[in-house]
Amino acid sequence: MIRTANLNKKYGDFMALQGVSLNVREGDIYGFIGPNGAGKTTTIKILTTLLEPTGGDATVCGLSVWDNKEQIRGLIGYMPDAFGVYPDMTVTEYLHFFAAAYGIPRKERGGLVDGLLELTDLTYKEDALVDSLSKGMQQRLGLARALVHDPRVLILDEPAAGLDPRARVELREILRELQAMGKTILLSSHILSELQDICNRIGIVERGRLVAEGSVDEILDQLGGAGRYSLRTTDDERAQALLQAHELVASVAVDEQAALSFEFVDAASDVALITQALASEGIGLRHLAKARVSLEDAFMKLTKGLVQ
Ligand SMILES: Nc1ncnc2c1ncn2[C@@H]1O[C@H](COP(=O)(O)OP(=O)(O)OP(=O)(O)O)[C@@H](O)[C@H]1O
Ligand SMILES: [Mg+2]
């Protein structure tokens, strides 16, 4: 649905994007994640045809941003990371204005605007001045505006920024509803955990490069989560010493709750060799489970070494 192939963008001598190839499939809620300055907004501006790439290609519904700008704009609903100053208009007038700008026939506008206000939970603010809305309400109005022309694809730059936890949950509900309506959604954030339960797929960008892409589970597996186990034994102290001395074990850790975990040198190692080693020392096993790196750890691991 949205693809980029070896996308490059230079600002003067500065390479903001260096060969980004991402793939958003139809029906995805795709989280585009990276720290400040990673290149998220730059990529989004290229996808929304507001900025031309320096090299490579980006396509939306099979149309290239190089020569289908008008068509792509018709297919996309875009919510920028920052809105300008709002005009002196009510919420309803504002949406009517954009409906007119998109060429929606006058007699259809009323029903359309009512539906959008309902979807974004702004009906009770229909007569309020846009300027008087809170940040979260302005974000929702921005989303309503992006939906005026019933686009197939939604591209939202940091839609959860500045939202309180409850507004974030509401945003998630709205995005799920839109997904159920058949829309494909790309949204950016610099907080990985903020998007993990909203998105079915994630791309992580760092210093202009895509460093990982896939489902949350796939990304965690790529990071060696598969080879890590946590355990409880009848004698954790001796178990720790045994693990530290074991040739198959790369590292041993003890967390704040005094839970022991270890990582294999090789992800293909057989955990039975460890349980046997413990048993032969007379150490009983109370609990053994595959441990996963947390998303934040994954993010730090992925971006480590890439940050100057
Ligand atoms: N118009 C511009 N001229 C020069 N450099 C720019 C311009 N726009 C962006 N950059 C640089 O390109 C890099 C990527 O910026 P971009 O805005 O795409 O990052 P981002 O991932 O959206 O960050 P944030 O999380 O802060 O929004 C940054 O180093 C930024 O300083
Ligand atoms: Mg940005």
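Start by selecting leucine 22: it counts as buried because it has 20 C-beta neighbours inside 10 Å. Here, buried means that 20 or more other C-beta atoms lie within 10 Å of a residue's own, exposed means 12 or fewer, and partly exposed is in between, with C-beta atoms placed from the backbone. This is a predicted model, in which local features need pLDDT of at least 70 and side-chain atom pairs count only at pLDDT 80 or more, while totals for chains, interfaces and linings use all residues. Residues are numbered from 1 along each chain as its sequence is written, and chains are lettered from A and ligands numbered from 1 in the order in which they are written.

**Around leucine 22**

Leucine 22 sits in the loop between β2 and β3 (23-24). Helices (H or I, at least four residues) and strands (E, at least two) are DSSP runs, numbered from the N terminus. Now add Thr4, Gly203, Leu210 and Glu213 to your selection: leucine 22 touches these, not counting residues up to four places away in sequence. Contact here means that two C-beta atoms, placed from the backbone, lie within 7 Å. Draw a distance from leucine 22 to leucine 210, and you should get 7.5 Å, C-alpha to C-alpha, for residues 188 apart in sequence.

**The whole chain**

Zoom out for a moment. The chain has eleven helices and 15 strands, and its C-alpha atoms fill a box of roughly 80 × 45 × 30 Å, taken along the principal axes. Of the 308 residues, 35% are buried. Among contacts with a separation of 6 or more, 69% are between residues 24 or more positions apart.

**Ligand 1**

Next, select ligand 1 and show what surrounds it. The shell holds 13 residues, and the closest are Tyr11, Ala16, Lys40, Thr41 and Thr42. A residue is near the ligand if its C-beta atom, placed from the backbone, lies within 6 Å of it. Colour β2 (14-20) and α1 (40-47), since each supplies at least two residues of this shell. Which element gives the most to the shell around ligand 1? The answer is α1, with three residues. By class, the shell has four nonpolar, seven polar and two charged residues. For these classes, Ala, Val, Leu, Ile, Met, Phe, Trp, Tyr, Cys and Pro are nonpolar, Asp, Glu, Lys and Arg are charged, and the others, Gly among them, are polar.

**Helix α3 and its partners**

Two packed helices are described by the angle between their axes and the distance between the axes. Select α3 (residues 91-101) and α4 (residues 106-119): their axes come within 10 Å and cross at roughly 125 degrees. Axes are lines fitted to C-alpha atoms, for helices over the stretch in contact, and angles run from 0 to 180 degrees between N-to-C directions. α3 and α4 are therefore oblique to each other. Angles under 35 degrees count as roughly parallel, over 145 as roughly antiparallel, 65 to 115 as roughly perpendicular and the rest as oblique. Show side chains for Thr92, Leu95, His96 and Ala99 in α3, which meet Arg109, Leu112, Val113 and Leu116 in α4. This contact has five nonpolar, two polar and one charged residues.

Keep α3 on screen and swap α4 for α5 (135-146). The axes of α3 and α5 come within 9 Å and cross at roughly 30 degrees, which means that α3 is roughly parallel to α5. Val91, Tyr94, Leu95 and Phe98 of α3 make the contact with Leu141, Ala144 and Arg145 of α5. The classes here are six nonpolar, no polar and one charged.

**Glutamine 139 and aspartate 127**

While α5 is shown, click on glutamine 139, which lies in this helix. Is glutamine 139 buried or exposed? Glutamine 139 counts as buried because it has 23 C-beta neighbours inside 10 Å. It touches Pro159 and Leu163, not counting residues up to four places away in sequence.

Then move to aspartate 127, in the loop between α4 and α5. With 9 C-beta neighbours inside 10 Å, aspartate 127 counts as exposed. Beyond its neighbours within four places in sequence, aspartate 127 is in contact with Thr90 and Thr92. Its C-alpha atom is 5.4 Å from that of threonine 90, 37 residues away along the chain.

**Two backbone stops**

Most residues other than glycine have a negative phi. Asparagine 6, in strand β1 (residues 2-11), has a positive phi near 50 degrees. Asparagine 6 is partly exposed, with 14 other C-beta atoms within 10 Å. Finish at glutamate 158, whose phi is also positive, at about 55 degrees. Glutamate 158 lies in the loop between β8 (153-156) and α6 (165-180) and is buried, with 22 other C-beta atoms within 10 Å.
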